[in-house]
Amino acid sequence: MIVQFIKKQLLLIIRNPQILLILIGMPLILITILGFALGSVMNGGEVSVKAKVAIIEHGDSDQELNHFLKKLESSKLPQEAKSAISQSAKQLLPVEQLKSEVLKNPELKKYISVHEIEPEALKETKDDDSYSVIIEIPEGFSEQILSSMFLKEEERPQLKLYRNEGKELTSNLTEDLLTSFQEQYSLAAKIGESDESILSADSMDTEVIGKVSNVEDREPLTSTAYYAVGMSVMFVLYIASNMGSFAYQEKEDHVFDRMILANVSIWKYFTSILLTTIILAALQLGILFGVCALFYGVTWPALGSFLLVTIALSLAVGSIGALLTSLNYRAHSETFSNFFSTVIVTVFAFVGGSFGEMFSSDFIRKIGNLTPNGAGMTAYFKLFQGYPLSSVQSELLMLVLFSIIILILAVLLFPKEGGTAK
Amino acid sequence: MKGILFAKMKMFLRKPWLFVIMTAVCVMFAFFTSQGGVNKIPIPYSVAASSDQTDLIVEELSQAEAFHFHEVTQDELNELVSEGKREGGLIIKEGEFNIIISSRTGTTSLLQQVAGKAYGEVGQKEALKEAAASKGIQEQEVESWYSAAETSPVFSIKQTSFKGSDTFVYDPKLQSLFGFSLFFVIYTIAYNVASILYEKREGVWDRMILSPIRKWEMYAGNLIYSFILGYIQLALIFFVFRYLTEVKFYGGFHTVLLLLVPYVFAIVALSMLITGLVKKVQHFNAVIPLVAVSMAMIGGAYWPLEIVESPVLLALSKVVPLTYGMEALKGATINGWGLEQLMLPVSVLVLMGVLMMGIGINFMEKRHI
């Protein structure tokens, strides 16, 4: 009997191919678009962390050095000190150091491109929004620094940093570099005042061992795989709301009442709704991941575990479908199905992380793992990276528990007798 | 037409809860999603063996501008990274660090830089103290050099900001407020327009045709009601944010309220088109969430479209009304556009609206159900 009911439900879906098409086609389109389009954003791609820096120099550091040397000549310092100072002044030219040590440092080449701009072009550069920051070095900058360092002159020059409001990340990065240069340079100057010889190149260069490794040397995820999982676990929820409305339609058309008159147990009908939703959910997930595997190379390391997670997720969706059916029957309208498909799916999708991590709070992340799509997503991700089945136990348990609780609610709320249709 | 509007209002007053809940959910959504700082990348870290040096390094790291470091246990770190919740994690040991990732991205190398720099600075200070000690200089004096270098640097940096002519300025609060309200209002409007389908099914539509009321009045009554309800919802949400939170509208609040008109009109028309295309209420209910969610993703309601680089997605976004709604609202507030610039999205919205409305009603009239 139940088999016939399931067949009837499946036929209903097949006779409404538009819905079927949209339930499968829409997520596929979105996976394709988002996987390719947002790939770089999600992964914080190279593009987003490249700072374009413009340097505008009003003075000429060679000339300023000469000015300084002349000033030095005319000062009252002893001759030995003068030659020592002129030696180190030549090495400590701030602008040259800034350019060679910081901005054009080969290690930073990936993040920063430096463009030297003529002073007249400042306004145009400001209009060009491709620049992250503009560093403006005023006239006499080098001379003033050298004078304040070696001749104890009070005047300290000022560097101007224009930050592009729209490029927060990269301008922060450049600012970081600039302030650390400021600190280093000032420190060197301070040390130079007391004892020159400490400042040897060796002591300033410390070895750091830093290595990058994958999580337990697992395969990294591609952005297409990320969205394939994110979208699939979200769109599978719509199966539940659709089944809820189909079932309600049957009540409205008095199909349900006729079944009761024909002395069919309502639980058979209820079970058939549950099973059909589970089957459809599993089918949808299967088709989506199948297409992704065929066209985008998103393949699963362990097929058995994948199937198990899919079944658990389908169970959860099936129980939601059953609950929505009960609620629709109680409320005599499709409001609950609609409310679920509009508000709750959106909330679940965001909290569960289908659109990437939108919230930095740990609390929301924990809540997210309590939603069926969130738990499913976490489990799928782990399997993708080749974790064994044992590592997704908690997610599987969560899905099963979720299904049981929702199912109990659905059973309790399901109307026990017919004849109440309006 | 007045009669239809009156009846609709009465119906609304009997069942206002869905509308109220939708509005509340939208407000909450916009509020919570705007809280997370998007301009700093969150990175979990874990200290393998705590020492003075690692404490200093953690302190140094906390000053990084591009990242926000938060401490977790090593297991949590592995979990966060392997589940794809964070782009990378940092394991801090004495003299070395280890970056854990699940996929190699641009952030990885940047993180490497930042961590390397922190280690470099701490290591340098230690080396300097050592070198100073061998020359008989006290540790305190070395410390005083550092503080002197920090408090009175040889040159100062003066910061000002500039804005390129079409720089993308990101205001997470307004982005999520606009995005979610424009997205959720689609549901409110669509379900109200779809009441035409219910009326048809229940025979009310036929009875109205038999009554002296004219056909255009029947459409106009339904559509105007949907329009008003959608507009009220949006205005309500914006008023909540304007007066109860600290969201700034950059002085464009009134313009924003005005710009909602073409957007709501376009969405009413879109709903009319879908109503005309589907056969049954069920179909409508199945199609609407999928269409709305897809439009929100493509049109930049969930994330700013400006961060999208793909030409395909950008081309697709051109046919979605939500794109122009967002463009107009952001233009009036964040970007401070003038009337001239605002005219483009507004006229596209109006054009789309007229087109979809025409096709929708046409389909509706050609079919008899």
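A nonpolar core is a set of buried Ala, Val, Leu, Ile, Met, Phe, Trp, Tyr and Cys residues joined through C-beta atoms within 7 Å. Keep in mind that this is a predicted model.

Q: Which residues touch the most other members of the largest nonpolar core?
A: Let's start with how big that core is: it holds 148 residues. Its largest share, 18 residues, comes from helix α11 (residues 223-252) of chain A. The residues touching the most other members, though, sit in chain B: they are B:V264 and B:V268.

Q: Which residues does B:V264 touch, leaving out those up to four places away in sequence?
A: Skip the sequence neighbours up to four places away and see what is left. The list for B:V264 is then B:I189, B:F227, B:G230, B:Y231 and B:L234.

Q: How many residues make up the second, separate core?
A: This one includes residues from both chains, with A:I135 and A:F150 as well as B:V81 and B:I91 among them. Its total is 56 residues.

Q: How far apart should the ends of helix α6 of chain B be?
A: The helix runs over residues 139-151, so there are 13 residues to count at 1.5 Å a residue. The end C-alpha atoms in the model are 18 Å apart, which agrees with the expected span of 18 Å.

Q: Within what arc do the buried residues of α6(B) fall?
A: The buried residues here are B:V142, B:W145 and B:A149. On the face turned away from them are exposed residues, including B:E139 and B:E143. Seen down the axis, the buried ones line one face of the helix, because they fall within an arc of 50°.

Notes:
Residues numbered from 1 in each chain as written. Chains lettered and ligands numbered in written order. Predicted model: local features only at pLDDT ≥ 70, side-chain atom pairs only at ≥ 80, totals over all residues. Buried ≥ 20, exposed ≤ 12 C-beta atoms within 10 Å, placed from the backbone. Helix = DSSP H or I, 4+ residues; strand = E, 2+ residues; numbered from the N terminus. Contact = placed C-beta atoms within 7 Å. Expected span 1.5 Å × (residues − 1). Arc of directions from axis to C-beta.
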